[in-house]
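Here is a walk through a few helices, one loop residue and some charged side chains. Keep the structure open as you read.

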Amino acid sequence: MPGLLALFQRIMPGLMICITIALATTFIADHYGGPTLLYALLFGMTLHFLSEEGRCLAGVEFAAKRVLRLGVALLGVRITIEQVAELGIGPVLTVVCGVMLTIAMGALLARLLGLDRDMGLLTGGSVAICGASAALALSAVMPRHANHERNTIMTVVGVTTLSTMAMVTYPLIVGVLGLNDIDAGIFLGGTIHDVAQVVGAGYMISEGTGDVSTFVKLLRVAMLVPAVMVFMFLFRRDRREEGGGKVPLLPGFLVAFVALVIVNSLGWIPPMVTEGFTAMSRWCLVTAIAALGIKTSFQKLAVVGWKPVILMVAETAFLLLLVLAFIHFGLASL
């Protein structure tokens, strides 16, 4: 109990700031219109200095990770297996091809830019799967060398910044292309790097788009496990010399999301509980997006050098064009 109290006291300052932003932006959106999640992101970015202040840092990190995962997991009460089946095999095919080809393209582009293969594989996996989380998971099974930590930090900073930019700009692309809710969800879920930004961008457009984009994004997150296994095979000799590394487990929030989808599909969740969980999920996501905004600093991207930036931008553009091609030719709707 003393330990729990100490944790509560440590996270409360930063968490309360994120909750306050969520309350303020929800009030503005409800009374004056506009996307709540975008407001929360922009309000949070104006308070970026708090992410570097010790008293608020723990709470901001808690909101950006734990609260986000809770919010995403609770989205499972909105989705049923029947809805997923209606999407067909297309989204699965889009995700698998997107992950495999983007990682391969990352390795190729890294070689063309004169960067080492490790950097290409790490950035490619991060862009293709789930952003910063994938970067940390994949780096854990890659060989340690002089530039290993630097490459990981570069990837995390770069992919987080690009993902935040995508959250704001990709919904505009959806509007320009006139995509319907399902295609828009496949596009956003299949291209934006981090889970938080996918959820934010999807629900900015509509609830239907948000549901589809969340499902497609979690398909990409599930690809982390086979990707880690492949990376362990590629680097098995180097890792054996270092004594091996721990393989990241399947994300808990993904397991919870799937479990809630199954339970909801069986009709075991009363409508009142569904409404309560949906409202809780919404508040969690707005709070998490506010924290994400507080953590975002575009200035930090300048310190990573131009070649890694070009690499990640090129990988992001490749994935975007690939998913759009799948949608255009009807492969994403099979």
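Helix 10, residues 195–205, is mostly covered, with 8 of its 11 residues buried (under 20% relative accessible area; over 50% is exposed and in between is partly exposed, using a 1.4 Å probe and protein chains only). The buried ones are Val195, Ala196, Gln197, Val198, Val199, Gly200, Ala201 and Gly202. Helices here are DSSP runs (H or I, at least four residues), numbered from the N terminus.

A word on the source: this is a predicted model, where local features need pLDDT of at least 70, side-chain atom pairs count only at pLDDT 80 or more, and totals for chains, interfaces and linings use all residues. Residues are numbered from 1 along each chain as its sequence is written, and side-chain values use heavy atoms, with hydrogens and water left out.

Helix 11 covers residues 207–222. From first C-alpha to last, its 16 residues reach 23 Å, close to the expected 22 Å (1.5 Å times one less than the number of residues). Of those 16 residues, 12 are buried, so helix 11 is largely enclosed by the rest of the structure. Charged residues are on that buried list too, including Asp211, Lys217 and Arg220.

Now for the packing. Two packed helices are described by the angle between their axes and the distance between the axes. Here, axes are lines fitted to C-alpha atoms, for helices over the stretch in contact, and angles run from 0 to 180 degrees between N-to-C directions. Helix 12 (residues 224–234) packs with helix 7, and its axis also comes within 5 Å of the axis of helix 11.

| Helix pair | Angle | Axis distance |
|---|---|---|
| Helix 7 and helix 12 | about 30° | 10 Å |
| Helix 11 and helix 12 | roughly 25° | within 5 Å |

Helix 11 and helix 12 are therefore roughly parallel to each other (angles under 35 degrees; over 145 is roughly antiparallel, 65 to 115 roughly perpendicular and the rest oblique). Their contact (heavy atoms within 4.5 Å) is made by Arg220, Val221 and Ala222 of helix 11 and Leu224, Val225 and Pro226 of helix 12.

Helix 7 and helix 12 are roughly parallel to each other as well. On the helix 7 side the contact uses Ala134, Ala137 and Leu138, and on the helix 12 side Leu224, Ala227, Val228 and Phe231.

Just before helix 7 there's a loop to look at: Gly131 lies between helix 6 (117–128) and helix 7 (132–139). Gly131 counts as buried, at 0% relative accessibility. Leaving aside neighbours within four places in sequence, Gly131 is in contact with Ser126, Val159, His193 and Asp194. Ser163 is 32 residues from Gly131 in sequence, yet their C-alpha atoms are 7.7 Å apart.

How many salt bridges turn up in the whole structure? The search finds 2 (a side-chain nitrogen of Lys or Arg within 4 Å of a carboxyl oxygen of Asp or Glu). In one, Lys65 pairs with Glu61, with the closest N and O atoms 3.8 Å apart. These two sit 4 residues apart in helix 3 (residues 54–74), about one helical turn. In the other, Glu61 meets Lys295 at 3.3 Å, N to O. Glu61 lies in helix 3 and Lys295 in helix 15 (residues 271–295), so this pair ties together parts that are 234 residues apart in sequence.

Glu61, Lys65 and Lys295 are thus linked in a network of salt bridges. Lys65 is partly exposed at 40% relative accessible area, Glu61 is partly exposed at 25%, and Lys295 is partly exposed at 32%.
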